[in-house]
Amino acid sequence: AAGSRCFGLMKPWPRNPDVPAQSFDISLELIDLAIAVGVATGLEIFGVDVLLGAQGPKIVDVNVFPGFGGIDEAYSAVVHHVLERLVV
């Protein structure tokens with residue numbers, strides 16, 4: 001998440017260096033979950049690691065210094081959000 005923008009990166013588990021992570025359009029459920037994490041933690045730029053299962057998504061980690069590797073549009077979203085905050 002970067003401000004109001006949320007992105008998805010699917011990584012296989014267990015990790016396999018031969019299988020690259022894939023960006024994907026996240027569902028409204030995952031967007032709502034990410035926004036709730038931001039509200040609960042006060043974070044504005046962060047990552048949320050989620051396991052997807054039959055009983056719904058489960059948060060396993062919140063990253064205060066996320067790596068946005070594999071999500072090209074995330075970098076511009078971070079810059080845009082930081083610039084917005086500087087103006088306020």
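These legends accompany close-up views of a predicted model.

**Figure 1. Overall fold of the predicted protein.** The secondary structure comes to 2 helices and 4 strands. Read from the start of the sequence, these elements follow the pattern β-β-α-β-β-α. The radius of gyration is 13 Å, and the globule rule gives 12 Å for 88 residues, so the protein is as compact as a globular protein of that length. Along the principal axes, the C-alpha trace spans about 40 × 30 × 20 Å. Of the contacts with a separation of 6 or more, 40% join residues 24 or more positions apart.

**Figure 2. Surface and charge of the protein.** The accessible surface comes to about 6400 Å². Carbon and sulfur atoms account for 60% of that surface. Buried residues make up 24% of the 88 residues. The protein carries 5 positive and 10 negative charges. The mean positions of the two sets lie 3 Å apart.

**Figure 3. The two sides of helix H2.** Helix H2 covers residues 72-87. Ala74, Ala77, Val78 and His81 are its buried residues in this view. They cover an arc of only 105 degrees around the axis, which puts them on the same side of H2. On the other side of H2, the exposed residues are Asp72, His80, Leu86 and Val87. The next three views take up individual residues of this helix.

**Figure 4. Ala77, on the buried side of H2.** Ala77 has its place in helix H2. Its relative accessible area is 5%, under the 20% cut-off, so Ala77 is buried. Leaving aside neighbours within four places in sequence, Ala77 is in contact with Ala2, Arg5 and Phe7. Cys6 is also shown, as a reference for distance along the chain. Ala77 and Cys6 are 71 residues apart in sequence. In space, their C-alpha atoms are 9.1 Å apart.

**Figure 5. His81 and its contacts.** His81 is another residue of helix H2. It counts as buried, with a relative accessibility of 11%. Residues up to four places away in sequence are not counted in its contacts. With those set aside, His81 touches Ala2, Gly3, Glu44 and Ile45. Ala2 also appears among the contacts of Ala77.

**Figure 6. Asp72, on the exposed side of H2.** Asp72 is found in helix H2. Its relative accessible area is 62%, over the 50% cut-off, so Asp72 is exposed. The view also includes Val48. Asp72 and Val48 are 24 residues apart in sequence. C-alpha to C-alpha, the two residues are 17 Å apart in space.

**Figure 7. Val48 in strand S3.** Strand S3 covers residues 47-53, and Val48 lies in it. At 24% relative accessibility, Val48 counts as partly exposed. Val48 touches Val37, Ile59, Asp61 and Asn63, with residues up to four places away in sequence not counted. Ala34 is a further point of reference. Val48 and Ala34 are 14 residues apart along the chain. The separation between their C-alpha atoms is 6.8 Å.

**Figure 8. The cis peptide bond at Pro14.** The bond from Trp13 to Pro14 is cis. Its omega is near 0 degrees. Pro14 has its place in the loop between strand S1 and strand S2. Strand S1 covers 8-10, and strand S2 covers 22-24.

Methods:
Residues are numbered from 1 along each chain as its sequence is written. This is a predicted model: local features need pLDDT of at least 70, side-chain atom pairs count only at pLDDT 80 or more; totals for chains, interfaces and linings use all residues. Side-chain values use heavy atoms; hydrogens and water are left out. The radius of gyration is taken over C-alpha atoms; the globule rule is 2.2 Å times the number of residues to the power 0.38. Buried means under 20% relative accessible area, exposed over 50%, partly exposed in between (1.4 Å probe, protein chains only). Contact means heavy atoms within 4.5 Å. Accessible areas come from the Shrake-Rupley method with a 1.4 Å probe; for residues, only the protein chains shown count as cover. Lys and Arg count as positive and Asp and Glu as negative; His and the chain ends are not counted. The place of a charge is taken as NZ of Lys, CZ of Arg, CG of Asp or CD of Glu. The arc is that of the directions from the helix axis to the C-beta atoms.
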